[in-house]
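Colleague: I keep hearing labels like "donor" and "buried", and I'd like to know where they come from. Could you walk me through one example?

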Amino acid sequence: LNALRHALARNELELHYQPQIALQQETVIGAEALLRWNNPELGMVSPAEFIPIAEDSGLILPIGEWVLRTAVTQMKRWIDAGLAPMVIAVNLSVVQFRHPNLPDLVTKILEEAGLPAEYLELELTEAVAMNDPLAAVGVMDRLHERGINMSIDDFGTGYSSLSYLKKFKISKLKIDQSFVRDIIDDTDDRAIVVAIINLARSLGMHTIAEGVETERQLAVLKDQGCDAVQGYFYSKPLPEDQFATYVRNRLI
Ligand code: C2E
Ligand code: MG
Ligand code: MG
């Protein structure tokens, strides 16, 4: 915990960016910012390990703010450097989502960076959205008013109330990688993926599948009308310079 406390000040945190690919045109439509902690003693610590510690200790607020500012500023820089404008997706902790200052903070960060709100997407997990759904509707409305897009991460693993889902100002469902992993061999998983895609379509939302690793998984998802994918099949999360190179090389 003490080491994590110093991680920000000592510049041990960095963001990697995973390309999101539209299945129709096979173009890069976005990047998900994924946090990395590079500690001299502990090595590379996975966010799955340190995010829960950061949440319990309150450190997630300054860390989350750093993530937002770094990701938004990076996207502005890429656009200025000539990359086609795309969405930067940032994961949000429940602690950040519940903080009353969130809409103002996000707006301030966008303004300071000079990035239009339409290029930011906040990823909320089902647990975040459904924990106190009535309050969540209010927060989403306030973010939506400011032009900020939201998606539901790891969709299908939580307990979504469908009556709330339609009230949420959500533009995208992210199909959890656990369903994508066995989509070829497991008919139940395939049925769940198809159901999510159809549910999203009827609610006017888009779908993106996570954890796509093989050409066969990709083919099934495309067949079923999934809008976009991210996963090792196209690229793992990349440091900023490699991400820009990846996008430029795909255009050739
Ligand atoms: P997530 O948001 O669902 O991110 C997807 C995770 O799947 C990432 O793990 C990514 O590296 C991994 N992944 C991507 N493609 C593939 C694939 O084809 N196969 C497999 N097996 N894995 C793939 P990562 O980077 O370790 O992040 C884990 C989780 O930590 C994230 O899950 C997210 O919930 C959380 N996280 C990461 N960065 C942040 C952050 O800045 N803030 C907050 N609050 N949470 C974060
Ligand atoms: Mg995510
Ligand atoms: Mg996910």
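Modeller: Sure, here is a short chat about the metal sites and the residues around them; keep in mind that the model is predicted.

Colleague: What makes Glu32, Asn91, Glu123 and Asp153 donors of the magnesium ion (ligand 2)?

Modeller: Their oxygen atoms lie 2.0 to 2.2 Å from the ion. The cut-off is within 2.8 Å of the metal, so they count as donors. Along the chain these donors follow the spacing E-x58-N-x31-E-x29-D. Two of them come from distant parts of the chain: glutamate 32 is in strand β2 and aspartate 153 in strand β6, 121 residues apart.

Colleague: And which residues are the protein donors of the magnesium ion (ligand 3)?

Modeller: Asp153, Asp154 and Glu210, with Glu210 listed twice, at 2.0 to 2.4 Å from the ion. Those distances fit the within 2.8 Å rule too, so the donor label holds. Here the sequence spacing reads D-D-x55-E. Glutamate 210 sits in the loop between β8 and α11, 57 residues from aspartate 153.

Colleague: How do you know that aspartate 153 bridges the magnesium ions (ligand 3 and ligand 2)?

Modeller: Aspartate 153 coordinates both, and the two ions are 4.2 Å apart.

Colleague: Why is aspartate 153 called buried?

Modeller: Buried means under 20% relative accessible area. Aspartate 153 has 6%, so it counts as buried.

Colleague: What relative accessible area does glutamate 210 have, and is it buried or exposed?

Modeller: Its value is 7%, so glutamate 210 is buried. Glutamate 32 is buried as well.

Notes
Residues are numbered from 1 along each chain as its sequence is written. Chains are lettered from A and ligands numbered from 1 in the order in which they are written. This is a predicted model: local features need pLDDT of at least 70, side-chain atom pairs count only at pLDDT 80 or more; totals for chains, interfaces and linings use all residues. Side-chain values use heavy atoms; hydrogens and water are left out. Donors are N, O and S atoms within 2.8 Å of the metal (3.2 Å for Na, K and Ca); water is not among the atoms, so sites may look incomplete. Helices (H or I, at least four residues) and strands (E, at least two) are DSSP runs, numbered from the N terminus. Buried means under 20% relative accessible area, exposed over 50%, partly exposed in between (1.4 Å probe, protein chains only).
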